[in-house]
Amino acid sequence: MIMSSENTSKNKWVLSMHQIECCNCSHGCGCQFSGFPDSDAGSCEALIGFYIKAGHLDNLDLSDIKVIFAAAWPKAIHEGDGKAILFVDSAASTEQVSAIANIFTGQFGGMPFEALAGTFSELEGPIVANISMQADDKHSSFTIEDVLDVQHTPLINPMNGEDQNVHITYPDGGFFWNDGIIGTTKAMSINHNMFSFDHVGRFAAKAEVNWAN
Amino acid sequence: MQNKLANHLWSLSIFSIIFAAWYYMFFLMTMNMAPVEQWDYIDIVLLFSMWAIMMAGMMLPSATPIFHLIEQINQKRKARQVSYASSLYFVLGYFLAWLLYSLIITLLQWWLHHLVLLSPMMKSSQLWFTCALLVLAGIYQWLPIKQYCLSRCRSPLGFLTSSWQEGIKGAIKMGFIHGQYCLGCCWILMTLLLAFGVMNLQLIVALTLLVAIEKLAPNGQIFSKVLGVLLVSSALYLALTT
């Protein structure tokens, strides 16, 4: 568990990130539209990779750090009782890891982390690991050897077999992002003692997010 | 451990509010059943409070998930010693939306009594009026605005992440906005009370359950459309058999 004392400074943070998300929903992800997962089990199991393009916590620079958030909720996210594991790339310094951990677990406030934090009953991390990550509009991927593996691939047009260019756009602001490039999962697996799953051919979205407290 | 206790306390306080409303509906609810010409302004005030308590009892249960989310955020803030506004302010804001509705429907009911569309027993006295309400309520279930509001009620997390506001005023405002979505969802369902009896307990229980299924069940949106068909069919049935 991560617990660090706050109020040492103002703890103001800003993050501008590539977000590479996928979950066990079918294409479209029920949570985006009706608040409930449309996975077979009615659960939500998600792996989300973040590449911080630019960001900081007070004076501490957080640019170019890779973060992975693995989460599993037994029912809809807002119904709570979720478990989460936070991974931070080993290239980050100790201060950066602690900053990321506090921000991502909602300790410093700010949406959406603060609302999400209320849906978890168990939280593990930050686990410092060697993360490799490619943020690409069509073929994003992130991997931690022997732990997790995610590979996005475009949806295929069933008529002619070509890659489909699909977006979900929220002109007035969305669930977590405003414009997502939609694909599907060529790989989406995690093997950890807290939870394990493996979902191929499920919902995948690549988006740009700009969050702050 | 403390977290658990705080959660229990919170659930208990919400439950108490809902319980009080239901206790009133089951045991205390009485109204002046005299013809409307003999009503006093006190009768209208009483009618308004009755509507307000009924709406609290019927609508608060299906809003408990968002109340719980807000409370989770607040408890974490409390632990961190960061400022927060009690979750009850959010509940208050939510209830304000329904208070406004109660005022409007009270006046509407009073007017309908004058038109003799409602009997002094506070139910529809005209078959066509009953059927018209059923048909309108049924059609409304299928309208984009209903589905728009319903999806927002069903997905409280997105509302919180995109529209969070700080402070007491912010909490009341957020509650009021969320309450408006629920209002957009259910206002016409509640007018069925005018058709079948404002104090009809069976209907009150049934409507509460229907609203809860629409909002909380995994396939609530499909259910809401099925309900629409059922409402229109029951209007046809009533019209043809009565």
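The questions and answers below concern ring pairs, helix packing and backbone features in a predicted model.

User: How are the planes of the F69(A) and F120(A) rings arranged: stacked, tilted or edge-to-face?

Analyst: The structure holds 22 aromatic pairs over all chains. In the pair formed by F69(A) and F120(A), the ring centres are 5.7 Å apart and the planes stand at 75 degrees. Planes over 60 degrees apart count as edge-to-face, so the arrangement of F69(A) and F120(A) is edge-to-face.

User: How many residues apart along the chain are F69(A) and F120(A)?

Analyst: F69(A) belongs to strand 4 (residues 66–73) of chain A, whereas F120(A) belongs to strand 6 (residues 120–129) of chain A. F69(A) is buried, with a relative accessible area of 6%, and F120(A) is buried as well, at 11%. Both rings also take part in a cluster linked by ring pairs, whose members include W13(A), F50(A) and W211(A). The F69(A)–F120(A) pair therefore links distant parts of the chain, and the separation of its two residues is 51 residues.

User: Is helix 4 of chain B roughly parallel or oblique to helix 8 of chain B?

Analyst: Helix 4 (residues 87–114) and helix 8 (residues 167–190) of chain B pack with their axes 6 Å apart, at an angle of about 40 degrees. Angles under 35 degrees would count as roughly parallel, so helix 4 of chain B is, with respect to helix 8 of chain B, oblique.

User: How many nonpolar residues does the contact of helix 4 with helix 8 of chain B have?

Analyst: The crossing of helix 4 and helix 8 of chain B is right-handed. By class, the contact of these two helices has no charged residues and five polar ones, while the count of nonpolar residues is 19.

User: Is D58(A) buried or partly exposed?

Analyst: D58(A) is found in the loop between strand 2 (44–57) and strand 3 (60–61) of chain A, where its phi is positive, about 45 degrees, although D58(A) is not a glycine. Buried residues have under 20% relative accessible area, and the value for D58(A) is 21%, so D58(A) is partly exposed.

User: Is M122(B) buried or exposed?

Analyst: M122(B) lies in the loop between helix 4 and helix 5 (127–140) of chain B, and its phi is near 65 degrees, a positive value in a residue other than glycine. Because its relative accessibility is 1%, M122(B) counts as buried.

Technical notes: Residues numbered from 1 in each chain as written. Chains lettered and ligands numbered in written order. Predicted model: local features only at pLDDT ≥ 70, side-chain atom pairs only at ≥ 80, totals over all residues. Heavy atoms only, no water. Phe/Tyr/Trp six-rings, centres within 6.5 Å; stacked < 30°, edge-to-face > 60°. Helix = DSSP H or I, 4+ residues; strand = E, 2+ residues; numbered from the N terminus. Buried < 20%, exposed > 50% of the residue type's maximum accessible area, 1.4 Å probe, protein only. Axes fitted to C-alpha atoms, helices over the stretch in contact; angles between N-to-C directions. Parallel < 35°, antiparallel > 145°, perpendicular 65-115°, else oblique. Left-handed = near helix turned anticlockwise from the far one by under 90°. Nonpolar A, V, L, I, M, F, W, Y, C, P; charged D, E, K, R; others polar.
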